Amino acid sequence: MLVCRTVGEVDLLTAPLLARELRSIENNGQRVRTVVVDLSETTFLGAAGADVVLQASARALAERRELAVVGRTTAVRRTLQITGIEEALHRYASVSDAVGAARLHTRHLRTINDHSSRDHSQPRMPGYPATLPEHHAERASGTR
């Protein structure tokens, strides 16, 4: 997980810097599953900056990664609402909330992957063994 923090204005002049940074993180040799874009110290988010975040979110979705956005300020929230991209983003009130949600999501994915890697040739009921112990099998079959 990586946190990318912006400070000040993210507008037509500075949005390319954010885009370059996010691309750099994406192209990093090690696989970063979650990127948190922290806009909590952003005083202005222009349409160009919002577009950079939206494009990064779309790439993350296509590559099965997660992009979380932290934006508490009125300036950030208003831009995300006006541009209509607020619903397309995973937005959190704080970095710790975003990190906590990402950890929970990662644990959930691990559980799914662990479950899907098991041998499913015999169906199993949760809480029940795959085969009955010997003395139970004899009772079930009616032999003793």
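This passage describes the fold, helix α2, a salt-bridge network and the surroundings of Leu2 in a predicted model.

The overall architecture is a good place to begin. The protein contains 5 helices and 4 strands, and along the sequence these elements follow the pattern β-α-β-α-β-α-β-α-α. Of the 144 residues in the protein, 32% are buried. The exposed surface amounts to about 9,700 Å², and carbon and sulfur atoms supply 53% of that area. Among the contacts with a separation of 6 or more, 71% are made by residues 24 or more positions apart.

Helix α2 offers a friendly check on geometry. This helix runs over residues 47-62, which makes 16 residues. At 1.5 Å a residue it should span 22 Å, and its end C-alpha atoms are indeed 22 Å apart, so the expected and computed values agree. The buried residues of α2 are Gly49, Ala50, Val52, Val53, Ala56, Ser57, Arg59 and Ala60. Their cover includes three strands, β1 (2-10), β2 (34-45) and β3 (66-70), together with the helices α1 (15-26) and α3 (74-83). Just after α2, the backbone at Arg64 adopts a positive phi of about 60 degrees.

One of the buried residues of α2, Arg59, also leads into the electrostatic part of the picture. The model holds 5 salt bridges. In one of them, Glu26 pairs with Arg59, and the closest N and O atoms are 2.8 Å apart. This pair links distant parts of the chain, with Glu26 in helix α1 and Arg59 in helix α2, 33 residues apart. Both Glu26 and Arg59 are buried.

Glu26 has a further partner in Arg65, and here the N to O distance is 3.9 Å. Arg65 lies in the loop between α2 and β3 while Glu26 belongs to helix α1, so this salt bridge ties together parts that are 39 residues apart in sequence. Like the previous pair, Arg65 and Glu26 are both buried.

Arg65 in turn forms a salt bridge with Glu63, at 2.9 Å from N to O. The two partners fall into separate accessibility classes. Glu63 has a relative accessible area of 35% and therefore counts as partly exposed, whereas Arg65, at 10%, counts as buried because the cut-off for that class is under 20%. Through shared partners, the salt bridges join Glu26, Arg59, Glu63 and Arg65 into one network.

Attention can now turn to strand β1, where Leu2 is found. With a relative accessibility of 28%, Leu2 counts as partly exposed. Once neighbours within four places in sequence are set aside, Leu2 is in contact with Ile25, Val32, Thr34, Val35 and Val36. Leu2 and Arg33 are separated by 31 residues in sequence, and their C-alpha atoms are 8.5 Å apart in space.

Taken together, these details return to helix α2 and its surroundings. Strand β1 and helix α1 are among the elements covering the buried residues of α2. Helix α1 also supplies Glu26 as the salt-bridge partner of Arg59 in α2, and the loop between α2 and β3 contributes Arg65 as another partner of Glu26.

Definitions and conventions: Residues numbered from 1 in each chain as written. Predicted model: local features only at pLDDT ≥ 70, side-chain atom pairs only at ≥ 80, totals over all residues. Heavy atoms only, no water. Helix = DSSP H or I, 4+ residues; strand = E, 2+ residues; numbered from the N terminus. Expected span 1.5 Å × (residues − 1). Buried < 20%, exposed > 50% of the residue type's maximum accessible area, 1.4 Å probe, protein only. Contact = heavy atoms within 4.5 Å. Salt bridge = Lys/Arg side-chain N within 4 Å of Asp/Glu carboxyl O. Areas by Shrake-Rupley, 256 points an atom, 1.4 Å probe, with all protein chains shown as cover.
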